[in-house]
Amino acid sequence: MTEYVGEGPLITGRMGLSISEKLDLPSLRQHFLTDIESAKKCFDQDKLKESIIKLQDACRHGVEESKLLSSLVKLMELLNDIHVKGRPSIALGDLEREAEALGLSVGVDRLIAYLAVLFPAAVKVDCGIDVYEHLVRNLDALKGEAGKEGQLDVATLFAKALSSACRDPAAIRILINRKFILNKPSITFEELLVVKGRYENFARSLCEAFKTGKFLWGFKQRGEFAKALGRPNSLVAFFVVDYGFAIIAKIDGQVEAVEPFWPDEVKEGRVIYPYRLYFEPLKISKCLLDACVEGAAPSEECFIEAGDVQNYVASKCGMKSKQATIPLGANVSIVRGCKAQKMLEYLESSDILADFKPGIIEKPSWDPLAECRDFYLEVTSSPYPGHIGKCLWSPAASLWRSMEDLKIGNCIFHYLTSKSPSMYKEVVIGVSSVKHGCIELSKEELVKRLRGMDVWSKEYEDFASKWLKEYDRFYFVELSNYIEFQRAIPLNELEKLTGLTPVELQRYLVKLKLDQARQLLEKALGLVPRRQPAYTLRGLAEKATALGDQAFIILLNLLSGKNVLLVGPPGSGKTSLIRTLLEKLGVGYRLETGNPEWTPFDTIGGYLPGREVRRGFIFSAVEESVKRLEEGGLYWLIIDEVNRANVDLAFGKFFTLLDPVHRGREPLEIPGCGEGGEECVVWVPFSFRVLATMNNYDRALLFKLGYALTRRFSIISHTYLQRLPEYCGEYHKAASEGRVVEALVKRSEMAGGALGVDYERIREELVMCSSKISHDCITPVDFVEEVGRYGDGWAEELYSIEAPGYRVKLDRALLGIVEEVNRELAEFRDCEVCPVQVTPGVVADALKYLAVGLYAYKVGLEPLPCIGGGAAGGGGNLAYVLLLLDTTLSTYIIPQLDVLADYASRERLYRGRPEVRERSERRALTDILGEVKRKLKDYGLAYSAELVEKIEKGYHVF
């Protein structure tokens with residue numbers, strides 16, 4: 001609802017008519033000529049007279065009444081004459097002549113509407129509905145005529161007339177303060193204050209202004225405060241640092257600082273800006289109406305650039321460009337004379353600014369982007385509102401079979417075609433959610449449902465009749481949570497935002513991608529387009545495509561929340577692969593080489609002589625990561641030849657924070673820093689990663705990495721990546737054999753609860769995001785949003801794979817395989833750490849990796865490893881599934897068995913000796929590992945089977 005606020009009652013109405021709509025003015029005039037009673041109902045005689053007197057008083061403050069002002073007052077008196085004398089024809093004619101004298105070529109019909117808006121106190125609440133609708137139509141049409149697309153308030157024309165009559169600024173301000181003028185007119189002021197500040201503080205003040213109507217601003221220095229407070233009659237233009245002008249306001253009074261208010265004050269827990277003023281906003285950037293929404297980021301299109309203002313001032317005031325420079329060096333500056341007048345004129349006339357009205361922003365009661373799993377567009381010629389937002393229905397025939405796909409949690413956009421018998425044509429008018437899934441109804445049952453929902457009317461019956469005559473059975477879907485858009489989206493914008501073609505809009509239901517839905521919602525609900533986060537699976541995977549399947553495997557591990565340890569022979573290109581990957585992804589990085597002399601002083605930092613703080617390279621990399629995230633980028637750390645350093649010792653507290661799950665609980669601190677303040681503390685972003693390389697040829701001569709450390713890394717064999725095409729051939733071969741699918745399905749059905757995996761905790765860690773940095777999560781932002789939509793059934797939805805001939809729950813298959821491995825290993829107890837078992841924490845990490853990999857498959861990322869361009873069909877899809885399972889086992893599970901390599905080697909060395917036979921009557925470890933290898937081969941997991949075979953022979957796998 002749009003509200004024009006003044007003394008007394010409000011004029012309210014739905015403002016959404018097309019600007020190009022032609023009004024039937026002769027009919028409107030005839031209405032007033034023939035129905036005087038309706039006109040009487042719309043205006044209150046006493047309040048109208050009262051308004052005239054106040055207007056006259058306001059313009060007598062040292063100002064001589066002009067002919068223009070007299071004409072305006074005469075118009076109002078003539079309007080009053082309609083009430084008293086009942087001479088509408090004469091009065092209307094006089095009104096038209098007076099309108100011409102004012103230079104208003106709009107006719108008396110519009111004039112009545114203008115007066116009603118300028119003096120709402122004269123409008124009665126019980127205004128007749130016919131006249132009321134005409135008034136609303138007139139107001140909307142005037143906006144179109146003004147060429148401002150709804151930005152210019154209808155009272156502006158009268159405000160301009162008054163400014164010509166009342167040249168004294170004090171008189172004009174009285175009119176503004178008394179709300180006689182609803183929109184600040186183009187008025188000549190001698191001074192203009194320019195106040196600048198950072199966006200974070202500006203947005204905080206703006207959020208409060210939407211609630212209270214007052215914009216709070218503070219200054220550090222008393223001098224700045226005094227400069228502003230000493231000019232109570234000056235208007236203020238706010239400049240947002242690094243962006244531009246965004247608001248025009250006037251000073252409203254001094255405020256005592258009582259507690260921290262702006263983000264930097266809250267962060268430090270103290271008042272930084274003690275000298276505070278309230279401002280009354282008059283105009284504000286339209287696309288900052290969503291500045292209070294979490295995650296909203298400013299766009300350059302929201303601001304008026306200082307350079308554009310400068311050029312305008314120079315051209316209008318006859319100045320050189322340098323003389324017209326806008327002073328932005330100080331927090332408060334004063335602009336005077338022509339420069340002030342033309343600067344204000346340019347800001348007022350800009351399409352970027354609109355009138356500020358507190359409380360007009362109605363946020364939806366629910367968030368479609370957060371709560372909807374899939375989006376569809378309904379294309380209908382229904383009357384409005386009709387069934388819109390209440391239900392969907394269509395013939396139960398093959399052309400409309402997509403109705404059967406609709407489920408609870410889906411959302412529907414509603415597009416009305418040019419054939420819709422309503423004022424809304426060729427627009428997306430709203431969005432709603434599916435309340436109940438699709439059912440099939442008879443003709444009679446459908447009509448009964450529609451009547452019960454208050455959908456049925458004579459107009460709707462005309463629309464529905466052609467379908468009811470032709471078909472007997474119908475699909476029906478009940479909807480709820482309807483949001484009517486504040487800004488309906490016309491066809492040309494729909495096509496531009498979504499890329500939909502006219503042919504696609506011939507269908508009743510069109511499935512939309514998430515990005516298309518996001519664009520529509522941001523546009524329709526007036527949201528500021530959110531800065532696209534750098535940390536998304538789709539965005540990063542598309543950049544990595546050129547590097548092939550090797551890069552994709554590394555990327556999946558990074559995005560599942562793990563650091564990466566790339567193991568391989570020297571000179572094989574490990575470091576080059578990692579550097580090339582990060583450069584292709586657009587991720588900044590710092591490269592360090594392992595050093596046996598590293599201590600926490602080198603990695604985290606400490607104090608130099610003289611108490612100077614020295615930052616270690618890990619601390620510095622984390623600081624840079626925070627900075628890049630705030631700017632919309634990523635920054636990671638590469639450690640080459642990591643086993644040349646005693647990492648378990650050198651990493652200090654960062655050893656714990658390597659695991660992203662622990663990063664939200666405590667920060668990384670420089671040891672011994674004590675009360676050193678912010679420079680000693682940094683919170684490690686959830687999305688920060690360490691990528692390390694390890695030379696496995698020299699590992700016997702270098703430091704051994706502990707198992708607690710390696711658990712915080714995904715251990716990836718560079719040799720496996722180089723041979724990936726060969727393994728893909730193995731996966732395709734296994735996929736073509738039905739026994740592999742049967743084995744996986746059987747194993748998924750046999751999995752029990754022996755491992756005690758906590759799915760709820762896994763979900764919490766998958767969607768864990770920072771409360772300190774936007775778009776910073778353990779897993780990619782788009783994946784987090786998707787898992788959030790799945791709800792309680794997320795595991796069933798995400799881990800289940802269906803294709804012609806099979807359906808596998810891959811999480812259950814993985815759990816079943818691990819349980820089988822643990823049962824085999826439980827028989828070996830001839831060691832100090834026995835029984836060696838794969839623990840629930842390791843399995844949880846494996847399931848996270850599997851989840852991200854399956855999400856990539858389900859959202860249709862191309863090309864995926866072992867599928868090629870994605871057109872390989874069911875065999876290719878199963879080959880990718882086998883690749884995921886094999887890399888899950890080989891990266892997360894099998895390295896936990898590496899401790900058995902020495903025992904297997906010893907067993908082979910002493911096999912056959914009498915004392916060995918006497919000491920153990922159980923199965924030999926090599927036999928147990930041989931059985932594990934055989935079973936892995938049965939599941940088509942070729943590389944995992946090879947690794948177990950290496951352990952069986954006594955070789956370490958990393």
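The buried residues of helix α13 pack against β5 (235–240), β6 (244–256) and α14 (337–349), so let's start there before moving on to the cores and a pocket. Keep in mind that this is a predicted model.

**Helix α13**
- The helix covers residues 306–317, 12 residues in total.
- From first C-alpha to last, α13 reaches 16 Å, close to the 16 Å you'd expect at 1.5 Å a residue.
- Its buried set is Ala306, Val309, Gln310, Tyr312, Val313, Ala314 and Cys317.
- In an α-helix there are 3.6 residues a turn, so residues three or four places apart point the same way.
- Right after α13 comes Gly318, with a positive phi of about 65 degrees.

**Nonpolar cores**
- The largest nonpolar core holds 154 residues, and Phe654, Leu668, Tyr880 and Leu900 have the most contacts inside it.
- Helix α35 (residues 840–858) is the top contributor to this core, giving 13 residues.
- There's also a second, separate core of 34 residues, with Val236, Ala246, Ile251 and Val332 among them.
- Back to Leu668: setting aside neighbours within four places in sequence, its contacts include Ile604, Ile618, Phe619, Phe654 and Val684.

**Second largest pocket**
- This pocket takes in about 720 Å³ of space.
- It is lined by 25 residues, and Val379, Thr380, Thr417, Leu505 and Gln506 sit closest to its centre.
- By type, the lining splits into 13 nonpolar, 7 polar and 5 charged residues.
- β10 (375–380), β11 (391–395), α17 (458–470) and α18 (491–498) each chip in at least two lining residues.
- α17 provides the largest share of that lining, with 4 residues.

Key
Residues are numbered from 1 along each chain as its sequence is written. This is a predicted model: local features need pLDDT of at least 70, side-chain atom pairs count only at pLDDT 80 or more; totals for chains, interfaces and linings use all residues. Side-chain values use heavy atoms; hydrogens and water are left out. On a 1 Å grid over the protein atoms alone, a cavity is a set of points where a 1.4 Å probe fits but cannot get out, and a pocket is an open set with protein on both sides within 12 Å along at least five of seven lines; lining residues have an atom within 4 Å of a point. Grid points are joined across faces, edges and corners, and a volume is the space filled by probe spheres set on the points. Ala, Val, Leu, Ile, Met, Phe, Trp, Tyr, Cys and Pro count as nonpolar, Asp, Glu, Lys and Arg as charged, and the others, Gly among them, as polar. The expected span of a helix is 1.5 Å times one less than its number of residues. Buried means under 20% relative accessible area, exposed over 50%, partly exposed in between (1.4 Å probe, protein chains only). Contact means heavy atoms within 4.5 Å. A nonpolar core is a set of buried Ala, Val, Leu, Ile, Met, Phe, Trp, Tyr and Cys residues joined through side-chain atoms within 4.5 Å.
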